[in-house]
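This report looks at how the helices of one chain are packed, and at what remains on the surface. Please keep the sequence and the model at hand while reading.

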Amino acid sequence: MTVELTRPVSRRLLGTETLLVLGLSLGQSAVYAVVSIIAKLTAEGPLSKQTASLNTSASTRHWLDLTYQLLGIVFALLPVLLAVHLLSRDPGDPARTLGLDARRPGQDLARGAGLAALIGLPGLALVWVAAQLGLNATLVPAALPDVWWAIPVLILAAVQNAVLEEVIVVGYLVTRLRQFQWRLAAIIATSALLRGSYHLYQGFGAFVGNAVMGVVFSLFYLRTRRVMPLIIAHTLLDVVAFVGYALLPREWFDWL
């Protein structure tokens with residue numbers, strides 16, 4: 001007797017899969033971010049007087065803190081592996097489908113650097129405007145102790161953020177929504193709003209800035225079908241933010 005182990009994947013099953021992948025990753029982060037902004041808005045004092053900290057210490061014991069940091073980075077990438085694994089059921093190699101391979105390293109690097117400049121410079125202006133209007137919490141991009149492993153961990157955290165966000169919110173989500181035959185405008189809006197929503201804990205300026213970034217990145221992906229330049233661009237932006245904050249004088253960042 002032969003047992004049939006495969007069956008056609010229905011639209012309903014793909015929809016459930018998509019919700020589960022998002023629920024285990026950035027959809028979950030979006031829910032927590034909404035709760036966080038509500039908490040900030042209902043707390044005493046204006047939003048601008050509150051703090052949103054990234055890359056915080058997990059223990060006063062440095063070796064244990066390092067262990068927690070590395071474990072957090074590794075486990076945060078598991079949804080990416082899950083998404084790529086699920087896409088392997090579709091025809092073709094999922095890495096090629098997402099543009100997550102190393103076929104065009106020079107072109108990917110150049111495009112990634114260009115995107116980083118395109119997003120980064122206006123993004124700084126938007127952060128400044130949001131700070132002046134009191135629309136953001138005070139942002140602390142790096143709050144690790146002054147130890148030898150802080151900078152390498154911040155770089156790894158930047159890579160982790162980039163891989164997680166660009167593979168899930170752009171590569172995987174756009175691919176699945178196209179399979180559902182959504183209109184391109186709806187696909188772009190969904191990806192952009194999701195990106196903005198899980199940054200809400202930083203404030204409304206961060207929501208707008210990241211949503212705009214989401215529109216640009218989604219359009220780029222729809223045009224090129226390559227997520228690798230997006231990962232490079234995002235990594236560059238986060239490395240500059242995290243490592244710059246850790247190394248440069250604090251008074252340089254009073255405008256945040």
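## Helix H6 and its cover

In this predicted model, the residues of H6 that count as buried are Asp108, Gly112, Leu115, Ala116, Ile119, Gly120 and Ala130. The cover over these buried residues includes helix H9, residues 204-224, and helix H10, residues 228-247.

H6 itself runs through residues 105-133, and its 29 residues reach 41 Å from the first C-alpha to the last, which is close to the 42 Å expected at 1.5 Å a residue. Just after this helix, Gly134 takes a positive phi of about 70°.

## A nonpolar patch on the surface

H6 also takes part in a nonpolar patch on the surface, which is formed by Leu41, Trp128, Val129, Leu133, Leu135 and Phe204 and has about 560 Å² of accessible area together. The largest share of this patch, three residues, comes from H6.

Leu41, another member of the patch, lies in helix H2. Because its relative accessible area is 48%, Leu41 counts as partly exposed, the class that lies between buried, under 20%, and exposed, over 50%.

## The nonpolar cores

In soluble globular proteins, nonpolar side chains tend to be buried together. Here the largest nonpolar core has 38 residues, and those with the most contacts inside it are Ile168, Leu194, Phe217, Tyr221 and Leu230. At least two residues of this core are supplied by each of helix H1 (11-23), H2, helix H4 (78-87), H6, helix H7 (150-179), helix H8 (184-197), H9 and H10. The most is given by H7, with 11 residues.

Leu194 may serve as an example of these contacts: when its neighbours within four places in sequence are left aside, Leu194 is in contact with Leu22, Leu26, Gly27, Ala30, Val169 and Leu173. Apart from the largest core lies another core, of 23 residues, among them Ile37, Ala52, Val147 and Phe242.

## Ser29 in helix H2

Ser29 has its place in helix H2, which spans residues 26-42. Is this serine buried, partly exposed or exposed? Its relative accessibility is 31%, so Ser29 counts as partly exposed.

Ser29 also illustrates how positions far apart in the chain can be brought into one region of the model: Ser29 and Ser197 are 168 residues apart in sequence, while their C-alpha atoms are 8.4 Å apart in space.

How values were computed: Residues numbered from 1 in each chain as written. Predicted model: local features only at pLDDT ≥ 70, side-chain atom pairs only at ≥ 80, totals over all residues. Heavy atoms only, no water. Helix = DSSP H or I, 4+ residues; strand = E, 2+ residues; numbered from the N terminus. Expected span 1.5 Å × (residues − 1). Buried < 20%, exposed > 50% of the residue type's maximum accessible area, 1.4 Å probe, protein only. Contact = heavy atoms within 4.5 Å. Patch = residues over 30% accessible without salt bridge, like charges linked within 9 Å, V, L, I, M, F, W, Y side chains within 5 Å. Areas by Shrake-Rupley, 256 points an atom, 1.4 Å probe, with all protein chains shown as cover. Salt bridge = Lys/Arg side-chain N within 4 Å of Asp/Glu carboxyl O. Core = buried A, V, L, I, M, F, W, Y, C linked by side-chain atoms within 4.5 Å.
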